[in-house]
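Hi there,

Here is the structure I promised to pass on to you. Have a look at it first, and then read my notes underneath.

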Amino acid sequence: MVSLKKDGIILRKTTLDFESEGVLNPAVIKDNGKIHLLYRALAKNNFSSIGYCILSDYKTIETRLSNPVIIPEFEYEKHGVEDPRIVKIDHLFYLTYTSYDGINALGTLAVSEDLISWQKLGIIVPKIPYNKFRFLSESQGEIGEKYRRFNKLPPTHNKNKDVFLWDKNVIFFPRRINGKLYFLHRIRPDIQIVGIESIEDLNPDFWKDYFLHFKEHIVLSPQYEHEVSYIGGGCPPIETEHGWLLIYHGVHDTIEGYVYSACAALLDIDHPEKEISRLPYPLFKPEEEWELKGEVNNVCFPTGAIVEGDTLHIYYGAADKRIAVASLSIQELLQELLQYTS
């Protein structure tokens, strides 16, 4: 087992309207000696925007803005902008988040040079109906039963509204690999991967071909008991000498509902679609009172990480209500992972 220290809660909700119900699931990046944290801020009626603060060290707030830096502006995100992740590639910050219109939840991209002014590039995952996804993805044989269970029309859907396949947890790798931009995304129950020359490649023809070869793009599938229901991306991948370290989330169902845990895997450095290893147990799971009780109980949802020497600090949403951090030795984690190579 990997030794890990839970440093506790670092950010809580305030009385400000935009974050009066909770703060959770932050994007985190260290740049120019400062740690920047962009977090999902929850207002009443489950309405989300993205708040911003700067840390003086990995767990101490130095500056916190009293207004969100990203708010819903377009029809596709009218009910909220959720669960940001961030990387910096070629001097440009890539912030991905889930845009939610009250029906559809889809991966979206914004870019910035300064972390304050953001240019929204819109939804970058396919807007594809459920039945078309099944038709294309099963052209080479039946996909797993869970894809059909998780990705079907809701029974109460409005026939006058477009209903698309939910495609969330879009997370870029922090540099180009063999000249390509790579990102992870999640169509339940697995984690999939995309490699492109540029964002402009993500057109309908690209996605049609992608789904015709869908099985080839699945990078991780649930394997162990703690992730048996479904999995999804967590923090942006971290480059190490042994491969890309991926902190992701695993979910399993219990009589008290779903339990979300933080998990760890290694992907090949030059071929990130290849899994090298993963832990057969959770890296950490809900145990503390503030992880067990909140807006959604039993949740540790990792979304951001920074490296300081041999220490990895993992930031996560705790019970969908507050933000916490956990710390561990990267070398210890890597050595543990290397015991479980596939």
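Below is what I found, starting with some strands, then the cysteines, then a pair of helices. Please keep in mind that this is a predicted model.

**The strands**

A good place to begin is strand S4, which covers residues 47-57. Is it mostly covered or not? It is: of the 11 residues in S4, 8 are buried.

S4 has a pairing partner in strand S3 (residues 34-43), and the two are antiparallel, with 9 bridges between them. S3 and S4 make a hairpin, with 3 residues separating the strands. If you look at the turn, you will find asparagine 45, whose phi is positive, at about 65°.

S4 also pairs with strand S5 (residues 60-64), again in the antiparallel sense, through 4 bridges. S4 and S5 form a hairpin too, with 2 residues in between.

Try finding cysteine 53 in S4, as it links to both neighbours. Its bridge partner in S3 is leucine 37, while in S5 the partner is arginine 64. As you trace these strands, here is a handy rule: side chains in a regular strand alternate between the two faces of the sheet.

**The cysteines**

How many disulfides does a search of the whole structure find? The count is 0. As a reminder, a disulfide is a covalent bond that joins the sulfur atoms of two cysteines.

Why is cysteine 53 not in such a bond? The closest cysteine sulfur belongs to cysteine 235 and lies 16 Å from the sulfur of cysteine 53, which is too far for a bond. Cysteine 53 counts as buried because its relative accessibility is 0%.

Cysteine 300 is in no disulfide either: its nearest cysteine sulfur, in cysteine 263, is 10 Å away. Cysteine 300 is buried as well, at 0% relative accessible area.

**Two packed helices**

To describe two packed helices, people give the angle between their axes and the distance between the axes. For helix H1 (residues 130-137) and helix H3 (residues 204-212), the angle is about 55° and the axes are 7 Å apart. H1 and H3 are therefore oblique to each other.

Which residues meet here? From H1 come Phe133, Leu136 and Ser137, and from H3 come Lys208, Phe211 and Leu212. The residues of this contact comprise 4 nonpolar, 1 polar and 1 charged.

Enjoy exploring, and write back with any questions!

Best wishes

Note on methods. Residues are numbered from 1 along each chain as its sequence is written. This is a predicted model: local features need pLDDT of at least 70, side-chain atom pairs count only at pLDDT 80 or more; totals for chains, interfaces and linings use all residues. Side-chain values use heavy atoms; hydrogens and water are left out. Axes are lines fitted to C-alpha atoms, for helices over the stretch in contact, and angles run from 0 to 180 degrees between N-to-C directions. Angles under 35 degrees count as roughly parallel, over 145 as roughly antiparallel, 65 to 115 as roughly perpendicular and the rest as oblique. Contact means heavy atoms within 4.5 Å. Ala, Val, Leu, Ile, Met, Phe, Trp, Tyr, Cys and Pro count as nonpolar, Asp, Glu, Lys and Arg as charged, and the others, Gly among them, as polar. A disulfide is a pair of cysteine sulfur atoms within 2.5 Å. Buried means under 20% relative accessible area, exposed over 50%, partly exposed in between (1.4 Å probe, protein chains only). Two strands pair if DSSP finds at least two bridges between them.
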